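Student: I've got a structure to go through, and I'd like to understand the reasoning behind the labels people put on it. Can we take it step by step?

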Amino acid sequence: MSKTVLSTQSLRLRWINCQCFELALPNGVHILTDPCYDYQGDPGVKISSLFKTGGFATPDLEGCDYVILNHTHADHMVNLEEVAGRFRPTVICHTGVAAEVAAVTPGLPLTSVYPVDYNGRYYFDGFTMDTYHGSHKPQPATWARSMERADFISQKDSLKRLHTLGGFFNMNYLLTLENGFRVAFVGGLDDGAKEWLRAARPNVAFRNKLLNDMDVESVARDWLGFMGESHAQIVVPMHFEVWENQEPGFSERTFRRANQLAEEKGLPVRMLSPESGRWYSFEIGVSCWGEGLAENSCAR
Ligand SMILES: [Fe+2]
């Protein structure tokens with residue numbers, strides 16, 4: 001018999017779609033990463049059917065004080081304009097895309113764009129951000145080819161340039177909250193991440209889908225590799241919605257198998273299989289156990 005006698009909340013979060021998370025910090029600040037969950041352009045592609053988002057929309061966000069962009073492909077920022085219009089957040093992005101982000105986001109004051117560089121440390125309300133170089137997985141498009149036509153998600157000519165820049169500006173980061181809780185965000189290839197993760201020792205690491213295979217065992221073993229290299233306690237996968245489109249249940253089975261493998265190896269890390277839109281709370285708790293625990297017997 002065990003009993004939790006004390007707990008304090010470190011962070012609440014929910015994964016929405018692609019690399020989009022809403023983070024609720026203990027001080028009330030909300031951070032949104034890579035806003036992409038719904039878009040109905042004209043002619044447009046409805047992302048909710050493409051990525052099975054369950055109809056999540058901007059008014060469903062609890063708040064947004066900061067937006068952080070990993071890169072500017074449409075599936076990482078297509079809802080930015082809407083979010084900026086509703087919440088007036090500070091938009092944190094790499095210097096290389098900052099001017100273009102401002103140019104295509106009507107109503108966003110210039111001083112609400114916060115350009116950052118690689119290998120920097122930046123201080124915000126309730127958190128510190130360390131930035132690291134990221135690399136996009138290889139794509140065949142050249143600059144000229146990418147600029148020829150709009151991306152297939154937004155189909156907006158105005159986002160062509162940002163979509164193109166998204167191929168080479170990719171920024172990973174570590175957020176350290178005031179309570180010391182550390183969140184790592186790795187949205188591209190490894191690109192040295194295992195080196196800074198070893199030093200950072202994050203509590204939670206967000207990682208995008210590693211492989212396109214549809215084989216539970218090989219994909220689970222690949223995740224196991226990242227789990228070890230993350231030096232995190234919890235790994236939260238992201239951008240794996242494509243698996244669900246191809247084979248519903250694949251991701252759940254894969255993450256469960258990765259956890260079995262981690263347990264067999266004695267690794268002190270587990271994967272969360274996040275349900276889109278559901279809030280999760282990360283806490284530090286104190287439990288006591290033993291026979292004959294009376295009410296409040298552990299509380300002192
Ligand atoms: Fe991308």
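**From the metal to the helices**

Tutor: Let's start with the metal: the iron ion is coordinated by His71 (NE2), His73 (ND1) and His136 (NE2), at 2.2 Å. Keep in mind that this is a predicted model.

Student: What makes those three atoms of His71, His73 and His136 donors of the iron ion?

Tutor: The cut-off is 2.8 Å for N, O and S atoms. The three nitrogens sit at 2.2 Å, so they count as donors. Along the chain, the donors follow the spacing H-x1-H-x62-H. His71 and His73 are both buried, too.

Student: Why is Pro237 called buried?

Tutor: Buried means under 20% relative accessible area. Pro237 has 0%, so it's buried. Pro237 belongs to strand 12 (residues 234-238). Leaving out residues up to four places away in sequence, it touches Phe21, Arg207, Trp223, Phe255, Met271, Leu272 and Pro274.

Student: And Arg201, why is that one called partly exposed?

Tutor: Its relative accessibility is 43%. Partly exposed runs between the 20% and 50% cut-offs, so Arg201 gets that label. You'll find Arg201 in the loop between helix 6 and strand 11. Its phi is positive, near 50 degrees, and it isn't a glycine. Arg88 has a positive phi as well, about 55 degrees, and is not a glycine either. That residue is in the loop between helix 2 (80-87) and strand 5.

Student: How do you know that the length of helix 7 agrees with what it should be?

Tutor: Helix 7 (residues 216-230) has 15 residues, and at 1.5 Å a residue it should span 21 Å. The end C-alpha atoms are 21 Å apart, so the two values agree. Right after helix 7 comes His231, with a positive phi near 55 degrees.

Student: Which residues of helix 7 are buried, and how do you know where they point?

Tutor: The buried ones are Val219, Ala220, Trp223, Leu224, Phe226, Met227 and Ser230. Looking down the axis of helix 7, they fall within an arc of 170 degrees, so they line one face of the helix. Here's the background: an α-helix has 3.6 residues a turn, so residues three or four places apart point the same way.

Student: What do the buried residues of helix 7 pack against?

Tutor: Their partners include helix 6 (193-200), strand 11 (204-208), strand 12 and helix 9 (250-265). Take Ser230, which lies in helix 7. At 0% relative accessible area, Ser230 is under the 20% cut-off, so it's buried. Apart from its neighbours within four places in sequence, Ser230 contacts Leu197, Pro202, Ala205, Val235 and Val269.

Student: There's a sheet as well. What makes strand 6 and strand 14 its edge strands?

Tutor: This open sheet has seven strands in the order 6-5-4-3-2-1-14, with mixed pairing. Strand 6 (113-116) and strand 14 (279-289) each pair on one side only, and that's what an edge strand does here. On average, neighbouring strands are turned by 20 degrees against each other, direction ignored.

Student: How do you know that strand 5 and strand 6 pair?

Tutor: Two strands pair if there are at least two bridges between them. Strand 5 (residues 90-94) and strand 6 have four bridges, in the parallel sense, so they pair. As one example, His94 has Val116 in strand 6 as its bridge partner. Helix 3 (residues 95-103) packs on the sheet and touches both strand 5 and strand 6. Its direction makes about 135 degrees with that of strand 5.

Terms used
Residues numbered from 1 in each chain as written. Predicted model: local features only at pLDDT ≥ 70, side-chain atom pairs only at ≥ 80, totals over all residues. Heavy atoms only, no water. Helix = DSSP H or I, 4+ residues; strand = E, 2+ residues; numbered from the N terminus. Axes fitted to C-alpha atoms, helices over the stretch in contact; angles between N-to-C directions. Contact = heavy atoms within 4.5 Å. Buried < 20%, exposed > 50% of the residue type's maximum accessible area, 1.4 Å probe, protein only. Donors = N, O, S within 2.8 Å, 3.2 Å for Na, K, Ca; no water. Expected span 1.5 Å × (residues − 1). Arc of directions from axis to C-beta.
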